[in-house]
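Q: Could you take me through one part of this structure up close? I'm in my first year, so please go step by step.

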Amino acid sequence: MFERRRETPIGPALDPSLIDRARNGDLDAFESIVRARMDSVYRLTSAILGDEADARDAAQEAFVAAWREMPRLREPDRFDAWLQRVAINASRMTLRARGRRRVREIPSSHVVALAGHAAPSDAGSLDTALRLLPIEQRTILVLHHLEGRPIAEIAAILEIPQGTAKSRLFNARRALEAALRDEDVDR
Amino acid sequence: MTHDDRLPTDWDDDRLAAAFQARASARATPHDLADATIEAVRRHPTSGRRVSRWAVLGGLAAALAIAAVAVVVAFPRGDDRNGDRPSTFGLPVLSVSQAAAVRDRGVDGQEVAVAGFYASGGNRFCPNPRFEKNPTLVWCPDNLNSLLDRPERPQRTGSQPLEATILPGLSLVSIDDLPTDPVQIVPIVVIGHFDDRRASLCSLEERKACADTFLVDRIQQVGDTILPTGTIAERTPILDASAVDAAVTSVDPRLAILSRRVVDSDHLSDTEPLLATARFNRWTHFDEPLVWVVTAIVPSADGSPVQPRTFIVPDGPSLALIGEMAADSVERIDLVASADPSPTAVPPTATPSASDNPATTWLGAPITVSEAIDHRDNHLDDTELAVKGFAWAPTGPIACTMIRPASPALDQCPDGFTQLAERDPGPPAGPEFLQPDSPSIPLLVRRETYRQVQVGDVPRAVIVLGHFDDHRSAACPTGQVDQCRHNFLVDAILHPDAPGIDRNAIESTRPDPDVRPVASVEDVERAMPLRGPRGADFVIAAFAVSGRAIVSYEPRAAEAPEMTSAAAVWVVRYLDFIDVDRPVVRTALIVDGPSESLGRIYLPTRDGLETITRIID
């Protein structure tokens, strides 16, 4: 079976000539791309990593890597998917560079205590639950539930078969639900 | 906190999406991030095909050509003990025609220096992008680059140039000093080789073309500029180049460094594809996020052929080991600190030693048999485990009263006779089968189990890779499912000091010798849903059996008549690292056929048979 991948843009459409110029080393064109896509890239790295400083580093690293790799971009019409892949890789690398010393679990009771015994919001519960998941699971959940990417696009971004993407999303969702249940129980 | 699956959850898709959106909305993009990023990009030294100084020099380059080649000869670098012939690093400097003759005379892979002219193919539109990563596979638009004898593009008859040209593979070196404009043809001296070891990893159809690529290990000179042995770094490493050079030269003090690169370990397999697809991806599973890749040669003192050598050095403070790449393996070289702060290579020992301190496997340090038993009894799941211990098995015939077809996860006589024990019980004293005198587990060893070492009736130290709770337990006879779940299915029996899986052994595993598959292991591997480097999956077994027999290997195959009626079906077992804390061995089934037909893959699970179809652009 042959299937052509399609992708959803992650922001206002980019002028194709901008991408072409950036591929040929035009820094001004690349700056325009950075400004047009920074929000979406930061949103992605922030959603995956949770930590603001890490997200900032990863977003910056993603664009530096993209600039470096632009000449090798084979499919300019799939630039957004490619950029997301670069951002995901940068997030992974940022997390690895930080090492485990910065990965810590915050007991839900602490979160509640810090919040002055107010009922945690769904966003807060989700944030705590996501921290319990490995980055691969966080990534696929973010792509699906935040970015709204269908399975085919997730598979294309992560460079995995659709069946694999589907099963990984299923497992990630199951893990997230378990973590969220724990949050509910602890409330 | 417990993970009780029976608890209900009201986190439906809408609530989840709203929570994700709310979480994201609470984190606005820092207002200065775009500016700071642009500043970082501006500072970045390697921006790919930026406008180079050659655009300014324009046609001057060609005019300087002959003089520049003279400079090459006048400024050889490295050991130059090659008589009257111009040389660099002890390598004779050949013309493009001479190098093309080397290419065409057969496989040798020797390192040569070539002086000629570089012409870029420019940035062309490429309608068929390729995603395979192999430095010898030079694809559009890079396959339009060329090395020439003269500073002008050769005349062509059809697509064939009338003069000698060489296709350079430039993925291992920085191209910042090369022009990108096709009209600018510059004099150049490069060091590299044909017949690179990685050509064997190209498809059969492309292997010849890959072998004919001149893989450049170093750009020695461009125009009149002799380039230093610099380091191309994706990010700032911890180690400095001198420490890395010292580690490499501790292997052989004669080594001369041609080039160094520092890459994210995630990217290592881009240039070392062996590490992405095969059993050696432990070499991408470093704690260190960066890896040095160093290419070196031992300069020839007498003009004899020289082979390039590639070393992998994890960028960590300890500098405990390095690896040397070979065509189908990576040699591990342990380094020990000496009085001199430079590390020293320890020659690999051929003699196996006791397993008190066995080597780390892809799964981490092996656990003990007692720990494996605890896993079975208190944390039962199908996590792939590496267990160290002493194994033995009967070598003579065993009389079993009844053998019946059943699930491969069910222990049947003579399964219970192969044991893994915590301590060495010593050699057998008589004809009776040796009984363990320490915690032990029976091993379910199947025909397809990979054996780096053979187990006989005398206990020997091993590391066993395997798992409890095999997904095929579900196919055990009613009433024996729980027993099956507690059996330890062995995937590999490994040497305790140098655990590894040999490619050739995988390819020669043929539990059903009468089956002659059309596809090769390589074809099947390529069709597999394996992931990329870092967290990469890799194959530990791949073999073909007849469709009639497939159910005895994988009971779920009975649900797919396409498989049970096939002449041959591939069974592929691979380590899935999707969860780095809980690797598991998964199975894929592929009906045999020509490589281009291997599009449908069956993934049997505990609950059913998942089917995936390859996406082909």
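A: Here is a walk around the place where a helix of chain A meets a helix of chain B.

Keep in mind that this is a predicted model. Let's start with the two helices themselves. Helix α6 of chain A covers residues 122-131, helix α1 of chain B covers residues 13-25, and their axes come within 8 Å, crossing at roughly 90°. That crossing makes α6(A) roughly perpendicular to α1(B).

So who touches whom? On the α6(A) side you'll find A:D122, A:A123, A:L126, A:D127 and A:L130, and they meet B:R15, B:L16, B:A19, B:F20, B:A22 and B:R23 from α1(B). Sort the residues of this contact by class and you get 7 nonpolar, 4 charged and no polar ones.

Now zoom in on the charges. Side chains of opposite charge can pair when their charged atoms come close. A:D127 is a good one to follow. Its side chain meets that of B:R23 in a salt bridge, 2.7 Å from N to O. This pair crosses between chains, with B:R23 sitting in helix α1 of chain B and A:D127 in helix α6 of chain A. Both B:R23 and A:D127 are buried; for A:D127 the relative accessible area is 14%.

A:D127 has a partner in its own chain too: it forms a salt bridge with A:R131, where the closest N and O atoms are 3.4 Å apart. Why do these two line up? An α-helix has 3.6 residues a turn, so residues three or four places apart point the same way. A:D127 and A:R131 are 4 residues apart in helix α6 of chain A, so about one helical turn separates them. Unlike the buried A:D127, A:R131 is partly exposed, with a relative accessible area of 33%.

There's another link between the chains to look at. The side chains of A:R173 and B:D13 meet in a salt bridge, 2.5 Å from N to O. Here the pair runs from A:R173 in helix α9 (residues 162-186) of chain A to B:D13 in helix α1 of chain B. A:R173 is buried, at 16% relative accessible area, while B:D13 is partly exposed, at 44%.

Back to A:D127 for the wider picture: salt bridges that share partners join A:D127, A:R131, B:R23 and B:R27 into one network. Over all chains, the count comes to 29 salt bridges.

Technical notes: Residues are numbered from 1 along each chain as its sequence is written. Chains are lettered from A and ligands numbered from 1 in the order in which they are written. This is a predicted model: local features need pLDDT of at least 70, side-chain atom pairs count only at pLDDT 80 or more; totals for chains, interfaces and linings use all residues. Side-chain values use heavy atoms; hydrogens and water are left out. Axes are lines fitted to C-alpha atoms, for helices over the stretch in contact, and angles run from 0 to 180 degrees between N-to-C directions. Angles under 35 degrees count as roughly parallel, over 145 as roughly antiparallel, 65 to 115 as roughly perpendicular and the rest as oblique. Contact means heavy atoms within 4.5 Å. Ala, Val, Leu, Ile, Met, Phe, Trp, Tyr, Cys and Pro count as nonpolar, Asp, Glu, Lys and Arg as charged, and the others, Gly among them, as polar. A salt bridge is a side-chain nitrogen of Lys or Arg within 4 Å of a carboxyl oxygen of Asp or Glu. Buried means under 20% relative accessible area, exposed over 50%, partly exposed in between (1.4 Å probe, protein chains only).
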